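Notebook open, coffee poured. I wanted a quick look at the fold, one helix pair and the ligand site.

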Amino acid sequence: MKKHDVQTIITALGGRAQLQALLSVGASAVSNYLARDELPQRAVGPVCAALRARGFTVDPTCLEIIGQRVPAAASVPLDNPHMAGNRQIANGATGSALLDTHRSSGTGQARVLLIVGGGIAAYKALGVARRLQDHDIAVTGVMTRSASEFVTPLSLAALTGQKAYTDLFSLTDEAEMGHIQLARQTDLVLVVPATANLMARTANGLADDLATTILLATTAPVMMAPAMNQAMWGHPATQENHAVLVARGIDMIGPDDGGMACGEEGTGRLSPTDGIVDAVVAKLAGRHKALAGHHAIVTSGPTIEPIDSVRFIANRSSGKQGHAIAAALAARGAKVTLVSGPVSLPHPPHVTHVAVESAREMMDACMAALPADIAICAAAVADWHVAGDTSGKLKKDHAGPPRIELVENPDILASLSAHKKRPQLVIGFAAESENLQANAAAKRARKGCDWILANAVTRADGSSVFDSDSNGALLLAGNSCEDWPQMPKIALAERLADRIEAHFG
Ligand code: PMT
């Protein structure tokens, strides 16, 4: 790729800070771009879009500014740290960018994922979708296969203004918006009508279509509005499933008593639209906001350290633990800056995501995010980077393998702990392969953090904590040591958030 005139681009964007915010990188990354006079490939789309929004005519292949500036009707909010999260919008909107828009719009607009079940009351879900939007709630529709026998996906899409999702194995949908992403990028999942079949499949943990997969994968609260024939509702199987779902924390709205479409009388009617909408609005209003007013910095994922322009040193961190913590804190109202190395996870809703690659970039981004009340370092930061200039590709020649000299990376956790703007509560992780408690205690003392969560790199069954969906840890806080058993990483994140809430409460 032709090199870029990085200084001209920075000037046109309005300064280095603007480029940093646009690409969610630290100051040192911008220095590197200037030194190399080249932007990374991933920067080309957003920079091109931002320059055009500022009235420049740009050659998209090399980002050369070829036209005079004209007065811009609208400028891209370059100082908005959410901008990087919306990179896809600048590049050309995708399905997931639609939800990103809601999430990052700064309007705080709540999002409901509406699952329409296959019953005669399915058509009433359309009214629920419309009324929710009257409350400024963004609705994304998902339909079971049998629901589309009663109402068409097109009707739901037309009403919500968004694609209605129907198929678990649609490659197009998977490319645009994976089912896990759908399940996560919402504030609440609402099922209308919850049929006997859908309740049974959910109670039994089945994931045999998009709707049940979302219900299994979501971390958002779930509400169900059951509707079915009165005999089906009264059947012990349905009653047991109902009890299981309630015990798992699913809120039930109805069903009501009265006449049914089949001509029978009894309990099983879908609650009125207003009752369903009021229950959802109340649930969303009561979202747990105990950490509102607190700013948390969370590091997550690996860092990658270049050896040359194509090779790097990295580790197996997936970001699952750090991202779950960021999500749990954001759901409790904290303002969260999630600084993460390269991961394939979507970033959670309502967080400011800063994408970094190296430890030094992660350090810069964390320092730039101060002041904060809470810092949680869950990232697996590389301890070393390769010394010297890493630009260009190392050539394989007859002199044998190259000698690679390593230099120690800055310690982000220790730097946050010792900073003059030190967050009130600094929490580290310790990934240990032996002497879990003793090594973690020594690490806590050395790095100066308040609490440390010690997790074993390899568990009793031989599996690694890296990239796994579960984790167990020792929490060392004050003089105490609590043993947290293996649990889903999401549950561990919630448990930590509970402890943080109690600390500030
Ligand atoms: O991402 P997952 O696949 O979900 O896996 C989660 C995890 C195993 C990565 C996570 O639970 C975890 O243990 N994170 C810390 C991993 C680690 O690098 O541990 P450490 O013992 O080497 O470092 C101790 C602490 O110092 C950590 O909080 C680390 O983020 C921090 N650190 C380390 C080096 C450095 N240069 N700067 C740092 O801030």
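My entries follow, from the whole protein down to the ligand.

Ground rules. I'm working from a predicted model, where local features need pLDDT of at least 70, side-chain atom pairs count only at pLDDT 80 or more, and totals for chains, interfaces and linings use all residues. Residues are numbered from 1 along each chain as its sequence is written.

Overall. I looked up the secondary structure and got 20 helices and 21 strands, taken as DSSP runs numbered from the N terminus (helices H or I, at least four residues; strands E, at least two). Buried residues make up 45% of the 505 residues; buried means 20 or more other C-beta atoms, placed from the backbone, within 10 Å of a residue's own.

Helix pair. I checked α7 (residues 122-134) against α8 (residues 153-160): they pack at about 15 degrees, axes 9 Å apart. Axes are lines fitted to C-alpha atoms over the stretch in contact, and angles run from 0 to 180 degrees between N-to-C directions. The two are therefore roughly parallel, the word for angles under 35 degrees.

Ligand. Which residues come nearest to the ligand? I found Ser318, Gln321, Cys377, Ile412 and Leu413, out of 31 around the ligand; a residue counts as near if its C-beta atom, placed from the backbone, lies within 6 Å. I noted that α16 (320-331), α18 (412-418), β18 (425-432) and α19 (436-447) each supply at least two shell residues. β18 gives the most, with 4 residues.

Terms used:
Parallel < 35°, antiparallel > 145°, perpendicular 65-115°, else oblique. Buried ≥ 20, exposed ≤ 12 C-beta atoms within 10 Å, placed from the backbone.
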